[in-house]
Amino acid sequence: FFYGFTLYVKQQRYSYITSFESILILFIITPILVVTDLSMLSSYYIFVAISRYIRIAYFCIIMLKYHENELGETDVDRQTKIIVTKLVIIIVLCTGSFLEIENWFNLDHIERDPEFTENRYVLKECYSFLLFNNALYFVIVTLITVGYGDINPSSWLSQFIALFIIVITCVIIPQQTNELLRLLNMLSEYQ
């Protein structure tokens with residue numbers, strides 16, 4: 001409803017549809033509207049699970065826009081907020097995506113629990129689900145260094161996310177830090 005209303009109200013509809021904010025909203029709404037089977041064994045479950053983390057990223061963007069025009073804020077303060085927000089968004093999206101994809105690929109190793117008659121499943125021996133704190137550790141270690149190798153991506157999609165994290169680290173973070181340093185150099189010594 002919100003997306004349709006915003007699209008109706010906007011004067012520049014085409015530019016809104018192609019904006020980053022609009023694409024995020026579509027990634028949030030589409031899995032919820034399209035996917036009817038929300039069980040973990042469904043092949044579409046991964047899209048719903050990742051859309052949760054996209055909602056968190058969208059919330060960070062909204063909060064950044066809300067605090068954008070505070071009185072007395074300098075360009076350096078604004079750029080610092082942008083860097084912190086982008087880092088939080090990168091960490092949350094990559095952690096959530098890595099976690100859900102790793103666990104989704106581990107569903108091949110799941111079996112019905114023989115002790116229960118209801119639909120309860122357990123993992124076969126020597127397999128385990130990845131926890132959020134382990135995925136967060138993996139993402140932060142990959143962002144800061146090349147990684148220790150104690151947690152490895154086991155699927156091709158998780159390996160793609162690890163490559164994405166490394167590329168983001170090499171491109172976006174230095175670009176934003178360079179902008180912050182440029183703004184710091186523009187400050188007068190006498191302010």
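Leaving aside its neighbours within four places in sequence, which residues is Asn103 in contact with? In this predicted model, the partners are Phe129 and Leu130. Asn103 itself belongs to helix H5, which covers residues 75-105. With a relative accessibility of 9%, Asn103 counts as buried, since the cut-off for burial is under 20%.

A look at the overall architecture helps to place this residue. The protein chain has 191 residues, of which 32% count as buried. Its secondary structure comes to 7 helices and 2 strands. Read from the N terminus, the order of the elements is α-α-α-α-α-β-β-α-α, with the two strands following the fifth helix and preceding the last two helices. Among contacts between residues at least 6 apart in sequence, 61% join residues at least 24 apart.

Helix H5 takes part in two helix pairs that are worth following in the structure. A pair of packed helices is described by the angle between the two axes and the distance between them. For H4 and H5, the angle is about 170 degrees and the axes lie 9 Å apart. This angle makes H4 roughly antiparallel to H5, because angles over 145 degrees fall in that class. The contact of H4 with H5 is made up of 19 nonpolar, 3 polar and 3 charged residues.

The second pair joins H5 to H7. Here the axes come within 10 Å and cross at roughly 175 degrees. H5 is therefore roughly antiparallel to H7. By class, 20 nonpolar, 6 polar and 4 charged residues form the contact of H5 with H7.

Two residues give a closer view of these helices. Cys94 is part of helix H5, and its relative accessibility of 4% means that Cys94 counts as buried. Apart from neighbours within four places in sequence, Cys94 is in contact with Val139, Ile161, Phe164 and Ile165. One of these partners, Ile161, is 67 residues away from Cys94 along the chain, yet the C-alpha atoms of Cys94 and Ile161 are separated by 6.8 Å. Helix H7 runs over residues 156-186 and includes Gln176. Gln176 has a relative accessibility of 12% and so counts as buried. When residues up to four places away in sequence are not counted, Gln176 touches Gln79, Ile82, Ile83 and Lys86.

The helices also border open space. Rolling a probe the size of a water molecule over the atoms shows where such space is left empty. The largest pocket holds about 980 Å³ of space, and 31 residues line the pocket. Nearest the centre of this pocket are Ile50, Ile54, Leu93, Ser97 and Phe164; Phe164 is also among the contact partners of Cys94. Which helices each supply at least two residues of the lining? They are helix H3 (20-34), helix H4 (45-66), H5 and helix H7 (156-186). As for the classes of residue in the lining of the largest pocket, 26 are nonpolar, 4 are polar and 1 is charged.

Taken together, H5 recurs throughout this description: helix H5 holds Asn103 and Cys94, packs against H4 at about 170 degrees, crosses H7 at roughly 175 degrees, and supplies at least two residues to the lining of the largest pocket.

Notes: Residues numbered from 1 in each chain as written. Predicted model: local features only at pLDDT ≥ 70, side-chain atom pairs only at ≥ 80, totals over all residues. Heavy atoms only, no water. Helix = DSSP H or I, 4+ residues; strand = E, 2+ residues; numbered from the N terminus. Buried < 20%, exposed > 50% of the residue type's maximum accessible area, 1.4 Å probe, protein only. Contact = heavy atoms within 4.5 Å. 1 Å grid on protein atoms, 1.4 Å probe; cavity = no way out; pocket = protein on both sides within 12 Å on 5 of 7 lines; lining within 4 Å. Points joined across faces, edges and corners; volume = space filled by probe spheres on them. Nonpolar A, V, L, I, M, F, W, Y, C, P; charged D, E, K, R; others polar. Axes fitted to C-alpha atoms, helices over the stretch in contact; angles between N-to-C directions. Parallel < 35°, antiparallel > 145°, perpendicular 65-115°, else oblique.
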